[in-house]
Amino acid sequence: MGHELPKALRDDVRLLGELLGETLRRHEGQAIYDLVERVRALAKKARSGSDADFATLTRVLEQMPVDEALPVARAFSHFLNLANIAEQHHRIRRRRDYQRDKTAPPQIGSCDETFGRLISAGIAPDRLHDAISRLRIELVFTAHPTEVTRRTLMQKFKRIADLLDERDRADLTPPEHDELLTALRIEIAASWETSEVRQRRPSPVDEARSGLAVFEQALWDAVPQFLRSLNAALVKHTGRGLPPDRSPLTFGSWIGGDRDGNPAVTAPVTDRVCLLARWQAASLYLREIDALRLELSMRCGSAELIARVGEADEPYRVLLRDVRERLSATLRAIEDRIDGRGADQPLPLVTVDDLAEPLALCRRSLEQTGNGLLARGRLLDLQRRVAAFGVTLVRLDLRQDASRHTEALSAITRHLGLGDYASWPEDQRQQFLLQELESRRPLIPDDLPASPDVKEVLDTFRAAAAIAPGSLGAYVISMAMAPSDVLAVELLQKAAHLPVPLRVVPLFETLEALAGAGTTLARLLGVPWYRARCGGRQEVMVGYSDSAKDGGRLAASWALYKAQEDLVAASRAAGVELTLFHGRGGSVGRGGGPTYLAIQSQPPGSVDGRLRVTEQGEMVQAKFGLPGLAFRTLELYTAATLDATLSPPALPEPAWRVRMDALAKTARLAYRGVVYDTPRFIDYFRAATPAPQLEDLTIASRPARRRGGSGGVETLRAIPWVFAWTQTRLMLPSWLGVGEALDEARAAGAQAELARMYAGWPFFRATLDLIEMVLAKADARIAAHYEQVLVPADLHALGADLRRRLPATAASVLAVAGRTSLLDDNPVLRRSIDVRNPYVDPINLVQVELLRRLRAAEGDERLRNAFLVTVNGVAAGMRNTG
């Protein structure tokens, strides 16, 4: 609406759209192309505010047979994906243009800008260097039920982005230009001819392969490139660089280790996924070692190197030949294990030191023989890769629900005649667990009768004991509530004889658990056995998704803020170093949002140089899918973590905390009053959204419901809960309750105080800004159409009430922020949403009609596949899914 795309981006979008049009005419015929163009014209008119055009558009789409509706929905979906590719490419191009401008200051959020600003603010260079050297940031990749794009298509989209990058070269010849255009035609045609629909539900191993692909296609090159940039900024501002064996960033994964609610993740799956990660790492390292051997062809080496390899014409190549042979043998050994052969054979290359030590020797020799310049090239990049990726690329976390450990221990205590562990109070549980932890006798009898669930828990710990060291990270306990939940996992690890026990991480995720998190941690750290076991370090995870489903986004945000304060206080009182692990999703409804904003709005002292955070499903490609995007993401995480460590925000005024308590209480009551207390709300939800149909889709390995799920909100996982509302464009979980809370405060005369909170408290500002972003994406007219077609008439009043709250909430947020329209201070995002809306609208309308037909004709495969295409399309248009 008045916001135009930059010319370079507009040209890319137009070109990709024209090539898609060519593909449509070639593969679907002129009639389908004309129909798509008619729908597009109507959608643009409808977007300008014409209800008559919206009615015409709706009528045209409702009357289409599936054979026409499917290519129309696919065309708009493909265009949105192409627009996303162009926009991502433009972000990288814009950054490069900025960097080429020698008169421009460093980009905000870059290492250069952040280091310079901190030193200007009085941070001593030595303190800055020390803080960077101590940073520990781990990004943990997860797979979730909203990751809708197939890996095959992701790879094609990556190639389209690469071709756009090549087209930007200023020295292209006309033949080269034509070749690139032909290559783009081929990729777009191949994408069109590729089914968006998975024929079977992906296994956790399939999902792990997709996760690992991001390392090969982007992170493998982006990490050393970023660390070179960080090193240059560090030298510029402190006079000292980053040690070659140090990376502030490392990587973890839950894919194939997260068994909470996913019966497809079993002990053999976890073992296989760990092997795949090692195989991918060894394959990538082998390529680098080969290139390094070609480079290090010099004849002279240090006395230390000659002593290792003997007299040789090319001592570096001799040294690295051994590394190469061990990597090759490791690849073969892993392939044998995956194929079921040689399971007992040790891997030739197991530890980080197996790689790091010979590389460090090469470095010392080069420096001692006057070849220091060579040591700072490919070799240094490889050393930094080893520091960031180890020999496994990622460390796999294991995760399981606390109740499953309780069930396993109950089976053991009942069999031993000790009673039922599950029925014991907390003190009795702790007494038993500590007694067994200090006992030398075996806990689990050989003749233990175990249900399949108990057997799987015990098998997981046995598998963990057998997996090669360095492959596993933490053991995360979902729905943790008490110290015994942590001690139970410690005991099960002991019983399985883990050579190096995993660190145990309680996850507090409901509002109740968050409120008691500090007390629970204090009690846990007060147990002498555990205090000695944790070694002065403790990691705690806080969950954003379930807390928001429990009480709404505003109440959850405040509960998380206070929980972190309580956890920091408890760990400091015990003299323990705390790492907070943030289980943030991609959408605002699950704690997502811009990285820098999120980290800067954490409570003072809660970051302190250490951060662990999930990068969930659908956001991995958006943040890491291209090397340039990955570089910027790594840069923002590092700069924001450093900023929050050395220049944390001020404590909020006491009155603001009181106000926030009242806002959260009102918001929670309003949210729960609708979601939990309104009769037939769940009936409305399941009728007005595609939730029931989403549960049956083959888009992820994890079921949409928790075990024993009936149909209530309690049993629905937070991710599909948010995803379903995102598909209808109402975005309800992200804003419901906010307007009521702000209105109540403003009516009580707190408008000026709220404005001061917004201006002076990063947490409050970030929370409202993220809610504003969601409100800008919401569309009541589209949501009303879902209701009109799909919802029984006796439930329409409920939907009308929800839609009435949407503009009222927007008005309340704008009043506090001091603005007149949504996102008027963020024209780039406003423009992005406005450009996409006319292309998302027809997909929504087709989806409504397909849902109507699907519900009338259960089991129709064509309808189901067409519906999944619309799910993909809406997700592409909204940019974040669940």
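I take a residue as buried under 20% relative accessible area, as exposed over 50%, and as partly exposed in between. With that scale in hand, I looked up Glu740, whose relative accessibility is 24%, so I entered Glu740 as partly exposed. The model I am reading is a predicted one.

**Entry 1: Glu740 and its surroundings**

I located Glu740 in helix H33, which covers residues 738-747. I then asked which residues Glu740 touches, not counting those up to four places away in sequence. I found Thr666, Ala670 and Arg805. I also checked Glu740 against Ser812, which is 72 residues away along the chain. Their C-alpha atoms are separated by 8.5 Å.

**Entry 2: the chain as a whole**

I next stepped back to the overall fold. I counted 39 helices and eight strands in the secondary structure of the protein chain. The radius of gyration is 28 Å, and the globule rule gives 29 Å for 882 residues; the two are close, so I noted the chain as being as compact as a globular protein of that length. Along the principal axes, the C-alpha atoms fill a box of roughly 85 × 80 × 60 Å.

I asked what share of the 882 residues counts as buried. The share is 61%. For the surface, I noted an exposed area of about 33,600 Å², of which carbon and sulfur atoms supply 52%. Among contacts with a separation of 6 or more, I found that 81% are between residues 24 or more positions apart.

I also looked up the charges. The protein chain has 115 positive and 112 negative charges, and I noted that their mean positions are 1 Å apart.

**Entry 3: aromatic rings**

I turned to the rings and recorded a count of 29 aromatic pairs. I examined the pair of Phe685 and Trp725, where the ring centres are 5.4 Å apart and the planes stand at 35°; a pair counts as tilted when its planes are neither under 30 degrees nor over 60 degrees apart, so I entered this pair as tilted. The pair links distant parts of the chain: Phe685 belongs to helix H29 (residues 681-688) and Trp725 to helix H31 (residues 718-727), with the two positions 40 residues apart. I found both Phe685 and Trp725 to be buried.

I also noted a cluster joined by ring pairs. Its members are Phe141, Phe215, Trp220, Phe251, Tyr285, Phe389 and Phe624.

**Entry 4: two residues with positive phi**

I looked up His497, which has a positive phi of about 60° although it is not a glycine. I placed His497 in the loop between helix H19 (483-495) and strand S5 (503-508). Is His497 buried or exposed? Its relative accessibility is 64%, so I entered His497 as exposed.

Arg680 was the next residue I examined; its phi is near 70°, a positive value in a residue other than glycine. I located Arg680 in the loop between helix H28 (654-675) and H29. With a relative accessibility of 40%, Arg680 counts as partly exposed.

**Entry 5: Ser471**

I found Ser471 in the loop between helix H18 (452-466) and strand S4 (472-478). Its relative accessibility is 3%, so I recorded Ser471 as buried. Leaving out residues up to four places away in sequence, I listed what Ser471 touches: Cys274, Arg278, Thr392, Val394, Arg395 and Leu396.

**Entry 6: Gly552 and Asp550**

I located Gly552 in the loop between helix H23 (545-551) and helix H24 (553-574). Gly552 has a relative accessible area of 1%, and I entered it as buried. Apart from neighbours within four places in sequence, Gly552 is in contact with Ser547 and Tyr671. I checked Pro733 as well: it is 181 residues from Gly552 in sequence, while the C-alpha atoms are 6.2 Å apart in space.

I then looked up Asp550, which lies in helix H23. I noted a relative accessibility of 17% for Asp550, so this residue counts as buried. With neighbours within four places in sequence set aside, I found Asp550 in contact with Thr510, Leu511, Glu512, Tyr671, Arg672 and Tyr676. Tyr671 thus stands in my notes as a contact of Gly552 and also of Asp550. Finally, I checked Asp550 against Arg200, 350 residues away along the chain, and found their C-alpha atoms separated by 32 Å.

How values were computed. Residues numbered from 1 in each chain as written. Predicted model: local features only at pLDDT ≥ 70, side-chain atom pairs only at ≥ 80, totals over all residues. Heavy atoms only, no water. Helix = DSSP H or I, 4+ residues; strand = E, 2+ residues; numbered from the N terminus. Rg over C-alpha atoms; globule rule 2.2 N^0.38 Å. Buried < 20%, exposed > 50% of the residue type's maximum accessible area, 1.4 Å probe, protein only. Contact = heavy atoms within 4.5 Å. Areas by Shrake-Rupley, 256 points an atom, 1.4 Å probe, with all protein chains shown as cover. Lys, Arg positive; Asp, Glu negative; His and termini not counted. Charge placed at Lys NZ, Arg CZ, Asp CG, Glu CD. Phe/Tyr/Trp six-rings, centres within 6.5 Å; stacked < 30°, edge-to-face > 60°.
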